[in-house]
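Work through the following exercises with the sequence and the model at hand, and try each task before reading its solution.

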Number of protein chains: 2
Amino acid sequence: MPAAPSDPLDCRTSRPRSWWGWGYADAHPDDAACAALGALLPGTLSRPLPVPRVADLAVPPPGAAPPAALAHLVTAAPEARAAHAMGKAYRDVMRALRGRPGRIPDLVARPTCEREVADLLDWAGGHGVAVIPFGGGSSVVGGVEYRGDAHRAVLSLDLTSMDRVLEVDTAGRAARIQAGALGPVLEEQLRPHGLTLRHFPQSFEFSTLGGWLATRAGGHYATVRTHIDDFVQALNVVTPTGVSTSWRLPASGAGPSPDRLFLGSEGALGVITEAWMRLQERPRFKASASVAFADFRQALDAVRAVAQSDLAPANCRLLDSGEALFSGASQDGSAVLVLGFESATAPVGDRLASAVELARSHGARRGTPTAEHGARAEGGDEADGAVSAWRSAFLRMPYLRDGLARMGAVVETFETAATWETVPALIDAVRTEVGAAATKATGHPATVNCRLTHVYPDGAAPYFTVAVAGRPGDEVQVWAEIKAAANEVLHRHRATITHHHAVGRDHRPGYDLQRPEPFARALRAAKNALDPRNILNPGVLID
Amino acid sequence: MPAAPSDPLDCRTSRPRSWWGWGYADAHPDDAACAALGALLPGTLSRPLPVPRVADLAVPPPGAAPPAALAHLVTAAPEARAAHAMGKAYRDVMRALRGRPGRIPDLVARPTCEREVADLLDWAGGHGVAVIPFGGGSSVVGGVEYRGDAHRAVLSLDLTSMDRVLEVDTAGRAARIQAGALGPVLEEQLRPHGLTLRHFPQSFEFSTLGGWLATRAGGHYATVRTHIDDFVQALNVVTPTGVSTSWRLPASGAGPSPDRLFLGSEGALGVITEAWMRLQERPRFKASASVAFADFRQALDAVRAVAQSDLAPANCRLLDSGEALFSGASQDGSAVLVLGFESATAPVGDRLASAVELARSHGARRGTPTAEHGARAEGGDEADGAVSAWRSAFLRMPYLRDGLARMGAVVETFETAATWETVPALIDAVRTEVGAAATKATGHPATVNCRLTHVYPDGAAPYFTVAVAGRPGDEVQVWAEIKAAANEVLHRHRATITHHHAVGRDHRPGYDLQRPEPFARALRAAKNALDPRNILNPGVLID
């Protein structure tokens with residue numbers, strides 16, 4: 001086996017990533033910043049928990065060794081294995097901080113082509129080795145760790161060495177892209193063609209195309225084409241029983257969609273190795289604005305009106321007063337609606353003006369559309385202060401969560417979707433009941449904030465952040481109690497257990513109740529047909 | 001058993017439907033009109049084949065009898081059975097005309113609720129009876145007939161007694177609708193709510209919601225949300241092993257979509273009994289126009305530009321010169337692009353003007369946007385002559401096909417979708433090769449026309465009509481030779497075997513080659529799990 005790189009998640013860049021927390025190691029809040037964060041929540045620790053070190057972990061010897069022909073793809077170095085042991089859920093971060101991470105995989109493999117993926121699956125199947133497909137490792141639902149002991153060993157299958165844009169169809173605006181490409185890596189390769197995937201989840205820098213596809217990730221667009229699903233033209237999936245290659249088609253009505261079976265399959269049915277993706281021209285016109293509401297119910301009505309119009313904003317995020325305050329979008333207790341429009345072909349100022357007018361007619365107190373402006377650079381061209389404050393905070397939030405975790409706080413973010421008639425009562429119930437559960441578990445006051453991340457003519461996707469000081473040493477249990485309360489409220493309102501974070505292992509209880517039982521049988525049968533030895537990501541979706 | 005109605009497809013209306021051909025019996029061309037049609041194609045018969053009569057068929061006694069508890073739902077009357085023996089493909093019509101229809105089902109059942117559907121499946125499963133779910137019976141791919149002899153008897157399960165809109169969610173613009181509702185029946189119930197499904201396939205009057213869902217039907221919108229799939233909020237499906245009920249959700253990322261497994265399952269996995277469907281407000285603004293092109297390649301480029309813009313026309317149909325001539329949209333050999341815009345919230349004249357301008361910049365020779373006009377009535381409010389000519393011809397076409405069939409002509413319509421880089425060569429190859437196959441099979445000159453029915457940023461859906469005088473008495477064999485040539489051309493270009501007509505039995509050879517083999521295994525496993533006795537629509541999709 002080759003020597004392990006010092007940071008195994010980061011073999012292509014010079015900026016090391018954190019093995020235990022979000023994103024770049026050098027972007028984490030320092031001890032003083034953690035303490036300042038902790039001061040926002042009554043009852044947190046007086047000083048931050050230390051940054052955990054791999055050297056302090058008990059990393060057992062690997063339970064299996066790859067054959068010689070595959071050995072050059074595989075490492076058993078502790079740093080690599082620790083960095084692939086878990087995703088980036090609060091639960092994962094806290095387990096690392098408390099020195100009790102999930103089961104550390106025995107081996108980490110970095111295949112460079114589809115053939116090597118198939119060879120690794122063949123070997124694993126023949127040796128009782130579980131295989132956990134791993135992209136950027138940003139799962140917040142326990143999607144990339146092994147739980148249980150039914151397998152002889154665990155192999156983390158890191159796809160990030162397969163990160164090339166292999167073909168571009170300029171006329172048809174599509175590209176064949178390897179699944180292991182992180183967001184910036186694929187966008188960089190598309191830029192010379194004047195094209196972009198425009199899939200910008202919060203995890204954009206630290207997640208891969210394959211991960212987005214396997215988890216049905218939600219992306220840039222707040223309306224219409226909200227999920228990565230809508231941009232898939234064809235998929236290549238390596239299953240233990242053969243490679244599934246669908247045709248490049250703009251649309252088809254030939255039986256149930258093959259791609260839709262693999263979208264959201266979370267690595268349980270096969271390893272997505274590449275996809276033909278539908279692209280956009282880079283936007284030439286952008287305009288954004290924010291409007292404020294004193295009353296959250298009125299804001300919900302305004303958002304529904306915008307979602308039911310033909311306006312199709314690219315961004316349409318409603319922040320409740322807590323979210324607006326935390327992100328700097330508003331200081332006065334208002335809810336804030338962030339609106340953004342973009343187009344490659346035509347000015348969008350009129351659409352923005354219409355949306356703002358619609359919001360005003362539903363009670364928005366202020367709201368000034370910015371002058372239309374050419375799109376100069378991604379993310380840095382927002383003329384509206386609240387919009388830009390929100391965007392910066394959005395990308396910073398996971399780091400702040402880790403800072404709060406170091407102060408012993410419990411921070412859970414969860415998201416869902418429900419019909420418009422359900423949304424108001426659902427949000428109220430989450431605020432009340434999940435807040436109460438957090439306080440009951442800790443004795444401390446809890447904060448529950450809400451935003452709508454995606455909106456539809458028939459409903460919306462609320463996203464919640466719950467924060468409370470934990471019980472020292474017992475934070476993961478507190479998290480579990482909060483999570484159980486959240487799942488219960490979602491289920492009672494028939495709101496989906498996840499709109500775009502995926503099911504993983506953490507959402508299994510809710511998912512199992514939500515999924516129609518005949519579909520569960522069909523999915524189990526499909527799994528048995530494609531992965532008869534049950535080596536692929538055991539425990540996600542189905543048993 | 002109760003006395004059979006005189007026309008079993010038509011128990012709720014007073015206007016009898018044809019048992020052997022398209023639509024209403026009284027709308028068929030008379031003998032003189034048939035002869036006039038035949039004169040358009042050299043080599044057709046000198047007088048029309050007689051309209052076939054059920055009384056002339058050899059209808060065998062039924063091979064099974066329902067239990068007493070279900071007998072009131074079931075008929076064995078010859079008229080009912082003959083009308084449910086086949087769909088409305090050319091092959092079906094010609095088999096009826098030649099007195100050799102497909103296997104006539106032993107029984108026809110008309111359940112009135114989900115419980116009765118389940119009871120009928122239970123009985124059928126216990127008695128080796130195949131069950132063919134039947135909506136409007138408009139399948140043009142052999143989707144509603146039985147082939148083979150592996151079952152003791154065949155039950156046609158007619159859902160059209162389940163045709164009610166059960167609930168309407170006005171705020172969230174959705175309705176729970178029973179699957180057996182024909183297009184006009186459901187729209188009539190939605191109208192008082194100011195809402196509409198706006199799914200208007202050519203078969204609108206003679207097909208049901210359940211049929212649309214089971215076959216992934218293409219509908220009204222030529223862009224963006226082209227298939228019925230996009231309007232599904234939740235499904236109820238009765239399988240032989242239990243009822244699958246998905247939650248009403250605007251969107252979800254919880255595993256592979258349960259609904260997407262049943263969409264396009266063509267009755268092989270279960271019987272769709274009802275659905276929550278996303279609705280639209282009735283459009284208040286409409287505008288349409290047509291533009292003409294001397295050069296079809298230029299027209300393709302223009303359509304691509306429109307499809308890749310943000311304009312999202314509701315209608316965007318490109319007719320080649322033959323289609324334009326036949327429909328009366330153009331007399332001078334031009335290709336014609338029909339453009340239509342509509343909105344419930346805002347005027348659409350600017351969007352139409354932009355689309356026409358885009359077409360002109362790609363070589364359109366003329367093109368006058370009509371003045372914007374309020375939407376008064378569906379379908380009757382087109383101000384542009386070519387648009388209105390095209391629409392009338394569109395709805396009349398299947399009747400004309402049957403008239404041509406009575407003159408011994410062979411008429412095959414088939415449709416597909418492919419990427420933009422494939423479309424031009426595909427259309428050329430169909431014209432040349434399928435035309436040649438038709439002539440080779442008959443010795444007569446053949447007509448091959450093409451239109452684009454739906455367009456996408458990454459490709460388009462071409463629809464072909466092939467017409468040729470047949471070999472008298474051997475028309476079905478001629479059809480089979482033409483179909484084989486068409487399937488071969490589609491497969492060679494990796495164009496889907498169907499964009500919205502479904503697979504049925506006629507498209508199985510192409511579908512089996514197109515479908516990824518691992519997906520075929522997964523689908524077969526799902527079928528075994530849901531329909532272990534293989535009673536549901538045997539022969540469609542999978543064996």
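The exercises below treat the contact between two chains, the relation of the copies and one strand.

This is a predicted model, in which local features need pLDDT of at least 70 and side-chain atom pairs count only at pLDDT 80 or more, while totals for chains, interfaces and linings use all residues. Residues are numbered from 1 along each chain as its sequence is written, and chains are lettered from A and ligands numbered from 1 in the order in which they are written.

**Exercise 1.** Determine which element gives the largest share of the side of chain B that touches chain A.

Solution. Begin with the contact itself, counted where C-beta atoms, placed from the backbone, lie within 7 Å: 77 residues of chain B meet 77 residues of chain A. Elements giving two or more residues to this side of chain B include β19 (447–456), β20 (459–469) and α15 (517–530), where helices (H or I, at least four residues) and strands (E, at least two) are DSSP runs numbered from the N terminus. The largest share, 11 residues, comes from α15(B).

**Exercise 2.** Find the operation that superposes chain B on chain A.

Solution. Superposing by least squares on the C-alpha atoms of residues with pLDDT of at least 70 in both copies gives a rotation of 180° with 0.0 Å of shift along its axis (RMSD 0.0 Å), which is the relation of a two-fold axis. Of the residues of chain B, Ala525(B) comes closest to that axis, at 2.6 Å (C-alpha).

**Exercise 3.** Identify how β3 of chain A runs relative to β4(A).

Solution. Strands pair if DSSP finds at least two bridges between them; here 6 bridges join β3 (residues 129–134) of chain A to β4(A), and the two run parallel, with Ala130(A) opposite Val154(A).

Conventions:
Two residues are in contact if their C-beta atoms, placed from the backbone, lie within 7 Å.
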